[in-house]
Amino acid sequence: MEITKIAIIGAGNMGHQIALCAAMSGFQVKCTDTNPDILAKAIAFADNYLKERVIKGKLSEEAASQALENLAFVPTIEEAVVEADLVIEAIIEKLEVKRKLFANLDKICPAHTILATNSSYIVSSKIADATNRPEKVCNMHFFNPALVMKLVEVVQGLHVSEETVDSVMNAAKKMNKTPVLLHKEIYGFLVNRLLQATRQEALKLLDMGVASFEDIDTAAMNGLGYPMGPFQLLDLTGVDLAYHVGMEKYKESGDPADRPSPTVVEKFTKGEWGKKVGKGFYDYEQ
Ligand code: NAI
């Protein structure tokens with residue numbers, strides 16, 4: 001199936017950029033969020049982003065106005081999905097919330113619609129059985145910032161049909177992304193397994209008082225050639241996300257080693273969730 005119409009559910013950190021990226025690649029896109037403030041922010045972002053690209057000479061005026069024409073931010077989920085070939089879910093990283101959403105999507109989407117989750121860690125087999133179309137439910141994992149990062153991880157669990165995977169891989173390529181296909185479901189997919197190892201060690205070193213977070217970032221960048229340090233990346237992807245991911249993993253495994261680190265719990269409780277709120281490990285207000 002050739003995908004031409006995409007719905008994005010959740011216009012937060014990830015959703016609004018996935019939506020804009022798809023609209024700039026020629027898809028008809030509808031994006032929704034339960035929070036009207038987030039939706040308004042997403043609309044302003046899309047406008048500004050496209051204007052800036054034109055000013056910088058990176059995008060023609062025609063391409064920018066075409067992208068805006070392709071993109072609608074809508075207040076209800078029903079409006080967003082009514083004609084969608086593909087839905088990409090980008091809401092909070094909580095299994096029960098996602099299952100509820102997918103059960104509803106199954107009811108309100110056309111029969112042919114593929115339902116993909118952008119979840120960082122939750123494999124789609126945990127969600128697919130909330131629907132009556134498990135063969136059309138898969139992981140399509142973008143990276144932050146979604147307008148910039150090329151990689152998309154597509155995961156084919158046992159329940160996912162070849163047709164679904166082919167359509168999603170092709171849609172990712174049309175979005176000018178570089179998709180990789182995982183033939184098995186595995187916690188953390190490829191990239192987050194690699195990332196988690198570095199992040200856990202960085203947090204452990206900080207909690208042990210071995211070095212400041214700034215120096216740990218400096219070490220990762222200057223000693224390992226990483227483009228940004230683990231704490232800068234935590235601020236970018238969201239301390240709240242790291243907290244929820246840790247709690248979900250701990251709930252499942254019961255292993256105290258999987259609990260979010262004391263520093264992550266403290267930052268989460270204080271509301272210092274990273275760049276999106278102006279303060280995380282670093283201060284973004286100044
Ligand atoms: P976010 O918290 O920035 O955005 C989530 C948005 O979903 C919020 O604006 C919220 O109002 C909205 N929402 C919640 N329930 C909803 C519903 N039922 N219907 C419509 N909108 C709803 O979260 P973020 O960071 O964008 O993460 C979203 C998903 O993407 C998560 O599953 C996360 O694991 C995944 N992800 C996040 C990355 C990151 O770096 N932040 C990277 C890759 C994947």
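**Buried residues and a ligand: a guided tour**

Visitor: Why is Asp 240 called buried?

Guide: Asp 240 has a relative accessible area of 10%. Buried means under 20% (exposed is over 50%, partly exposed in between, using a 1.4 Å probe and protein chains only), so Asp 240 counts as buried. Keep in mind that this is a predicted model, where local features need pLDDT of at least 70, side-chain atom pairs count only at pLDDT 80 or more, and totals for chains, interfaces and linings use all residues. Residues are numbered from 1 along each chain as its sequence is written, and side-chain values use heavy atoms, leaving out hydrogens and water.

Visitor: What does Asp 240 touch, not counting residues up to four places away in sequence?

Guide: Phe 268, Trp 273 and Lys 276. Contact here means heavy atoms within 4.5 Å.

Visitor: On to the ligand. What makes Asp 33 a polar contact of the ligand?

Guide: A polar side-chain atom of Asp 33 sits 2.6 Å from a ligand oxygen atom. A polar contact is a pair of N or O atoms within 3.5 Å, so this pair qualifies. Met 14 joins in through a backbone N or O atom, 2.9 Å from an oxygen atom of the ligand. For Asn 144, a side-chain N or O atom is 3.0 Å from a ligand oxygen atom.

Visitor: How do you know where the ligand lies relative to domain 1 and domain 2?

Guide: Domain 1 (5-182) and domain 2 (191-277) both give residues to the shell around the ligand, so the ligand lies between them. Those domain bounds come from an automatic or database domain assignment.

Definitions and conventions
A polar contact is a pair of N or O atoms within 3.5 Å; within protein, one must be able to donate a hydrogen and the other to accept it, and residues adjacent in sequence count only if both atoms are side-chain atoms.
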